[in-house]
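Here's a quick walk through a few spots worth finding in the viewer. Have the sequence and the structure open side by side.

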Amino acid sequence: MRRDARWVVLLAGATAVLGTATAQNNNAAAQARAAAASPAPNFASSPREKLVVAMPKTYAKAETMLLWGDYFNHLARCGNLDLQNQQGESLERSSNIDLLGEKELIEGITSGKVQLAQVNPGLVPQLVAAGQPTPFAVPGNKASGKRNSYHLILIARVDSPFKEPKDLIGKKIAHSTPTSNSGNLAPRALFPAIGLVPDKNYEVVFSNGHERSVTGVMHGFYPAAAVASDLYQRMVLKGDVKGSSIRTLWESAPFMTETWTLGKTASPDVQNRVQKCSYAYSFSPKLKQLLPGNDTMLPINFERDFATVMEVHKKTQAALAEAKPAAAK
């Protein structure tokens with residue numbers, strides 16, 4: 001089968017060496033202990049600063065603000081920050097949060113138009129390779145110190161004949177988008193070890209989103225799909241899909257879930273305010289319902305917490321290098 005040219009092009013943007021990432025994050029554990037021991041931060045006497053925020057297109061604007069608006073209000077109060085969208089509207093008075101696609105989100109952060117964003121793990125290597133700081137926070141549990149994570153899962157309908165990965169040889173498997181970590185990059189890197197080489201053992205079909213992949217499997221449009229377990233579980237909790245109707249054929253080692261990142265154009269003072277206030281944030285009831293077991297933001301140790309993402313990154317680089325001679329023919 002034909003190799004997806006978009007995948008090759010998109011991976012080419014993530015070729016830079018990430019050696020500086022570890023040095024930027026090796027104090028994360030110490031930061032977590034200090035944050036837990038320190039009193040709640042208060043930057044009321046600091047000059048009020050602007051911070052442009054953007055979010056991925058995971059939910060509609062109203063639902064995004066329902067989930068994360070309390071966090072934004074906390075940052076504004078705690079850090080003495082004016083959180084705005086790219087049009088200059090304050091998010092304290094407007095729910096018009098910018099929702100950006102993956103390409104737009106990367107461009108917004110690297111260009112300096114966006115200083116704070118939630119990003120999926122698959123975008124992190126591209127951002128760090130572009131010279132941006134590594135992510136600073138991920139949802140987690142304050143008492144246990146456990147960071148929120150997810151697995152890449154391969155799902156099929158429970159009433160289908162597919163019971164293990166090899167049963168899908170010669171079939172179609174839905175991937176979400178070309179740049180998605182769990183929806184495309186991770187399957188391409190990890191599925192060959194379970195006997196499923198994308199575009200060779202099965203046909204890749206892009207659904208344009210994890211939710212669409214799950215819905216497509218549920219309604220019989222796709223025999224199977226590669227999706228993020230946390231997004232799938234959210235659909236189950238919301239009643240969008242019945243867990244009893246879906247079978248999990250395989251799951252990966254854990255990945256970090258959506259992480260929070262600051263662009264390098266944010267001043268060191270603003271970055272300090274955002275980080276300290278984020279680690280002091282207690283989740284709203286709505287956010288606790290969305291992310292069961294999580295109640296705060298925890299610091300990230302890049303080397304430890306992104307080990308699986310980096311495994312995928314290295315394998316995709318190897319695949320890219322192998323693909324270049326074929327593309328030149």
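Let's start with what packs over helix 8: the cover on its buried residues includes strand 7 (152-157), strand 8 (172-175), helix 7 (181-190), strand 10 (224-228), helix 9 (229-238) and strand 11 (246-251). Keep in mind that this is a predicted model. Helix 8 itself spans residues 210-218, and its buried residues are His210, Ser213, Val214, Gly216, Val217 and Met218. After helix 8 comes glycine 220, with a positive phi near 85°.

Next up is histidine 74, which sits in helix 4 (residues 61-79). Is histidine 74 buried or exposed? Its relative accessible area is 14%, and the cut-off for buried is under 20%, so histidine 74 counts as buried. A polar atom of the histidine 74 side chain lies 2.7 Å from the backbone oxygen of cysteine 277. Setting aside neighbours within four places in sequence, histidine 74 touches Gly79, Cys277, Ala280 and Tyr281.

Last stop: strand 14 (residues 296-299), where the side chains split two ways and all are buried.

| Direction from strand 14 | Residues | Exposure |
|---|---|---|
| One way | Thr296, Leu298 | buried |
| The other way | Met297, Pro299 | buried |

Which strand pairs with strand 14 over four bridges? That would be strand 5 (residues 137-140), running in the antiparallel sense. To find the pairing on screen, look for valine 138, whose bridge partner in strand 14 is leucine 298. Leucine 298 is also one of the buried residues, pointing the way Thr296 does.

Key. Residues numbered from 1 in each chain as written. Predicted model: local features only at pLDDT ≥ 70, side-chain atom pairs only at ≥ 80, totals over all residues. Heavy atoms only, no water. Buried < 20%, exposed > 50% of the residue type's maximum accessible area, 1.4 Å probe, protein only. Polar contact = N/O pair within 3.5 Å; in protein donor to acceptor, adjacent residues only side chain to side chain. Contact = heavy atoms within 4.5 Å. Pairing = 2+ DSSP bridges.
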